[in-house]
Amino acid sequence: MFSMILCDEKIKMTLKAKKINLRALEPEDLNFLYQIENNESFWEVSHTQTPFSKYILKQYLENAHLDIYEAKQLRLLVEEKSTNKQIGMIDLFDFNPHHKRAGIGILIHPDFQQNGYASEAISLLITYAFSHLNLHQLFANITSDNLKSISLFRKHHFTKVGVKKDWILSEGKFKDEVLFQLIKD
């Protein structure tokens with residue numbers, strides 16, 4: 001029992017930074033999730049094409065307790081530490097424990113961008129993925145015109161490994177998507 005408490009405490013420490021905390025989704029996050037998932041300006045990065053009902057999102061939250069090994073994804077809420085305000089989400093997706101890899105995606109609400117929150121969140125998730133999930137690599141798919149995200153991931157030592165030409169159709173035009181990887185030393 002003591003070792004389990006110690007392990008849980010270590011994970012909690014891994015998910016806290018100077019300005020933000022990462023935490024599991026709670027039922028109280030329904031309105032924030034509804035606002036984010038139904039904001040059409042975010043659909044390009046989330047590959048969404050239709051709005052989500054509160055009913056569907058409530059079901060999603062009810063299943064958010066599923067283990068990453070079962071769900072093959074993990075979504076964490078990014079919370080401003082000083083106010084406990086929901087400011088974004090960060091995901092591990094396409095989790096593959098056999099090949100020890102996962103994709104990483106992040107969205108910080110525009111009202112909270114340019115404050116270092118995304119950088120802290122990525123740093124925390126990298127540490128969590130490499131130390132607790134024992135992953136060997138993380139990858140990110142970023143449209144070639146998303147210069148802020150490209151800069152953010154490069155800051156965290158992700159390297160460009162390829163370009164998927166005309167990969168994303170957005171507002172009637174095709175965009176290239178750049179593949180970045182971070183391989184654990």
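Here is a short chat about the sheet, helices and cores of a predicted model.

Reader: What should I know about the model before we start?
Author: It's predicted, so local features need pLDDT of at least 70 and side-chain atom pairs count only at pLDDT 80 or more, while totals for chains, interfaces and linings use all residues. Residues are numbered from 1 along each chain as its sequence is written, and side-chain values use heavy atoms, with hydrogens and water left out.

Reader: What makes β3 and β4 a pair?
Author: Two strands (DSSP E runs of at least two residues) pair if DSSP finds at least two bridges between them. β3 (residues 86–96) and β4 (residues 101–108) have seven, in the antiparallel sense, so they count as paired. Asp91, for one, has Gly105 in β4 as its bridge partner.

Reader: Why are β1 and β6 called edge strands?
Author: The open sheet runs β1-β2-β3-β4-β5-β7-β6, with mixed pairing. β1 (20–24) and β6 (159–170) each pair on one side only.

Reader: How do you know that α2 touches the sheet?
Author: Contact means heavy atoms within 4.5 Å. Helix α2 (residues 30–37; helices are DSSP H or I runs of at least four residues) touches β2 (74–80), β3 and β4.

Reader: What makes the largest nonpolar core a core?
Author: Its members must be buried (under 20% relative accessible area, 1.4 Å probe, protein chains only) Ala, Val, Leu, Ile, Met, Phe, Trp, Tyr or Cys residues, joined through side-chain atoms within 4.5 Å. This one has 38 residues, with Ile20, Leu22, Ile90, Leu92 and Leu138 touching the most other members. α6 (117–131) gives the most, 10 residues.

Technical notes: Axes are lines fitted to C-alpha atoms, for helices over the stretch in contact, and angles run from 0 to 180 degrees between N-to-C directions. Buried means under 20% relative accessible area, exposed over 50%, partly exposed in between (1.4 Å probe, protein chains only).
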